[in-house]
Amino acid sequence: MNSRRLEELLGIEHPIVQGPFGGGLSSVALAAAVAEAGGFGSYGAHIMDPERIAELVADLKAATVRPFAVNLWIPQPGERDVPGDLARHVARLQPYYDEFGVSAPGADEILGQDFGVQAEALLAAEPPAMSFVMGVPPEWVVAEARRRGIVTIGTATTVEEAVAIEAAGLDAVVASGSDAGGHRGAFLRPVTESLVGTFALVPQVADAVSIPVIAAGGIADGRGVAAALTLGADGVQIGTGFLATAESGASAAHKAALHGPEAHITVLTRLFSGRHARAIPNRFVREMAAFEDEVPPYPVQNALMLPIRRAGRPDYVNLWSGQAAALTRPRSAKDYVEALVAETEKALGGRA
Ligand SMILES: Cc1cc2nc3c(=O)[nH]c(=O)nc-3n(C[C@H](O)[C@H](O)[C@H](O)COP(=O)(O)O)c2cc1C
């Protein structure tokens, strides 16, 4: 029997969070549709500059009066340094640039956004909630969010990361199992030492912290939601399932791949961004497999891949996906939330 403390914290009806999608795959329509259906919508803003972040929060507030979260990535040490051997990394991708008739980005185009400036803009825009991945936000961000009444949500891939997030004063924690789609958010140990599956992670995190726990990774239907609640989670965060809905920003080819013959095959790869992320393997992943350990770290590899991504060829773009992709199907976000609620009640057999 779960309490309704997550619903109360977030001001929602159902303990179902639509996970944020960075890299342009979130949409205002998706976050708003989930919020309007009684779930919790999110928007991944890590590539946005401060002006875009302010506009985004205004757009979300115009689209729904219900609560939602905007998500940022915590920067890693050295992330804003241009590598000395950039030319070598460009040369590795040159055959692809040539094939698609595009140019490599210049050294001045490869750095990501400045987190401090993004966080200031987001705090000033006062979204109902801010969520974070890849680390613990600095103290000033947590304090200012609290002062402004903004709920804060961290993301943990291990028990020790969940404990660190609670100790930093965040209001809730996403326990993100290695089944999940998109980037791994490990920040205390290397990703390869932080690959705990959702089923093992959730009950251990629930035992270790007293803030609400949101289970993420491999949950795509009501059976998964019921299992997560049974394991001690207060709610779930679903990514891939919502990526498959009509309102998501994923391309038609990406959505088709989520239901395609290879949807049950996913790999963790650094090849698209320089940071481990789970994707459906395609031709690019297979051709470049030998360079998994050699590509430069995020955000450099991510920037080097942008011209190739913009060419939009499914064989060469990142088809991010979690391990439960084959359980998803195309439909509206509203229909999906309603189905999740009905299936969960059925799976719990009146225990909800
Ligand atoms: C395309 C894609 C992009 C994602 N981008 C982010 C992000 O920017 N920030 C974040 O905290 N989580 C991100 N995630 C993780 C999701 O929000 C969610 O936690 C995860 O997808 C849950 O696992 P599932 O895909 O098995 O449902 C992303 C996931 C996907 C599939």
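**Note on aromatic pairs and overall fold**

1. The count of aromatic ring pairs comes to 8. The model under discussion is a predicted one, and every value below is computed from it.

2. One of these pairs joins F115 and F132. Their ring centres lie 6.4 Å apart and the planes meet at 65 degrees, so the arrangement is edge-to-face; the cut-off for that class is over 60 degrees. F115 belongs to helix α5 (residues 115-125) and F132 to strand β4 (residues 129-133), so the pair ties together parts that are 17 residues apart in sequence.

3. Are F115 and F132 buried or exposed? F115 has a relative accessibility of 7% and therefore counts as buried, the limit being under 20%. F132 is likewise buried, with a relative accessible area of 0%.

4. A further edge-to-face pair is formed by F272 and W320, with 5.7 Å from centre to centre and 90 degrees between the planes. Here the pair links distant parts of the chain, 48 residues apart. F272 sits in the loop between β10 (267-269) and β11 (277-279), while W320 sits in the loop between α13 (300-310) and α14 (333-348).

5. Both partners of this second contact fall under the burial limit. The relative accessible area of F272 is 1%, so F272 is buried; W320, at 11% relative accessibility, also counts as buried.

6. F272 and W320 are in addition members of a cluster. Ring pairs link them with Y96, F100, F284 and Y316.

7. Turning to the chain as a whole, its secondary structure comprises 14 helices and 11 strands. Which radius of gyration would a compact globule of 352 residues have, and what is found here? The expected value is near 20 Å and the protein chain has 19 Å, so the two agree. Along the principal axes, the C-alpha atoms fill a box of roughly 60 × 45 × 40 Å.

8. Of the 352 residues of the protein chain, 55% count as buried. Among contacts with a separation of 6 or more, 68% are between residues 24 or more positions apart.

9. The accessible surface of the protein chain comes to about 14000 Å². Carbon and sulfur atoms hold 53% of that area. As to charge, the protein chain carries 28 positive and 40 negative charges, and the mean positions of these two sets are 4 Å apart.

Methods:
Residues numbered from 1 in each chain as written. Predicted model: local features only at pLDDT ≥ 70, side-chain atom pairs only at ≥ 80, totals over all residues. Heavy atoms only, no water. Helix = DSSP H or I, 4+ residues; strand = E, 2+ residues; numbered from the N terminus. Rg over C-alpha atoms; globule rule 2.2 N^0.38 Å. Buried < 20%, exposed > 50% of the residue type's maximum accessible area, 1.4 Å probe, protein only. Contact = heavy atoms within 4.5 Å. Areas by Shrake-Rupley, 256 points an atom, 1.4 Å probe, with all protein chains shown as cover. Lys, Arg positive; Asp, Glu negative; His and termini not counted. Charge placed at Lys NZ, Arg CZ, Asp CG, Glu CD. Phe/Tyr/Trp six-rings, centres within 6.5 Å; stacked < 30°, edge-to-face > 60°.
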